[in-house]
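Grab a coffee and have a look at the fold below. The exercises that follow each come with a solution you can check step by step.

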Amino acid sequence: MVTSGHFWLPVAADGARARHAFRGRRWEGERVSEAVCGQTLPLAQPSEMDWITFKTCDECWRLLLVEAGISPEAVNAYVSEGG
Ligand SMILES: [Zn+2]
């Protein structure tokens, strides 16, 4: 099993603003990196507002859950129930 870890980073690319997950412990200043969801994205130092306003990339989120052995459906049910 591969458990190299991941980190989240807000990315604005082509008008699409989302928090994507990337492999590694933390962002080390790469200009471009491949997200967990397979998109190659330009990276930049995010502002505090980016963290607050960007939505999480559904695909990255789902893939990480599956890797962790968690069913995304189970989490969805929990989230909607918790309101
Ligand atoms: Zn993504």
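**Exercise 1: the surroundings of L9**

Not counting neighbours within four places in sequence, L9 touches R19, H20, F22, W27, L43 and P46. Contact here means that the C-beta atoms of two residues, placed from the backbone, lie within 7 Å. A word on the ground rules: this is a predicted model, where local features need pLDDT of at least 70, side-chain atom pairs count only at pLDDT 80 or more, and totals for chains, interfaces and linings use all residues. Residues are numbered from 1 along each chain as its sequence is written.

Task: find the bridge partner of L9 in β2.

Solution. Start from the elements: helices (H or I, at least four residues) and strands (E, at least two) are DSSP runs, numbered from the N terminus. Next, look across from L9 into β2, and you land on H20 as its bridge partner. H20 is also on the contact list of L9.

**Exercise 2: building the sheet**

Task: work out the order of the three strands in the open sheet, and say how they pair.

Solution.
- Step one: two strands pair if DSSP finds at least two bridges between them.
- Step two: β1 and β2 run antiparallel, with eight bridges. They make a hairpin with two residues in between, and D14 in that turn has a positive phi of about 55°.
- Step three: β2 (residues 16–23) pairs with β5 in the parallel sense, over two bridges. Here R19 sits opposite T56 of β5.
- Put together, the order is β1-β2-β5 and the pairing is mixed. The edges are β1 (6–13) and β5 (55–56), each pairing on one side only.

**Exercise 3: the nonpolar core**

Task: which residues make up the largest nonpolar core, and which strand gives the most to it?

Solution. First, the terms: a nonpolar core is a set of buried Ala, Val, Leu, Ile, Met, Phe, Trp, Tyr and Cys residues joined through C-beta atoms within 7 Å. Buried means 20 or more other C-beta atoms within 10 Å of a residue's own, with C-beta atoms placed from the backbone. Then list the nine members: W8, L9, V11, A18, F22, A35, L41, C57 and C60. Both β1 and β2 supply at least two residues each, but β1 gives the most, with three. As a last check, buried residues make up 13% of the chain's 83 residues.

Technical notes. A residue is buried if 20 or more other C-beta atoms lie within 10 Å of its own, exposed if 12 or fewer, and partly exposed in between; C-beta atoms are placed from the backbone.
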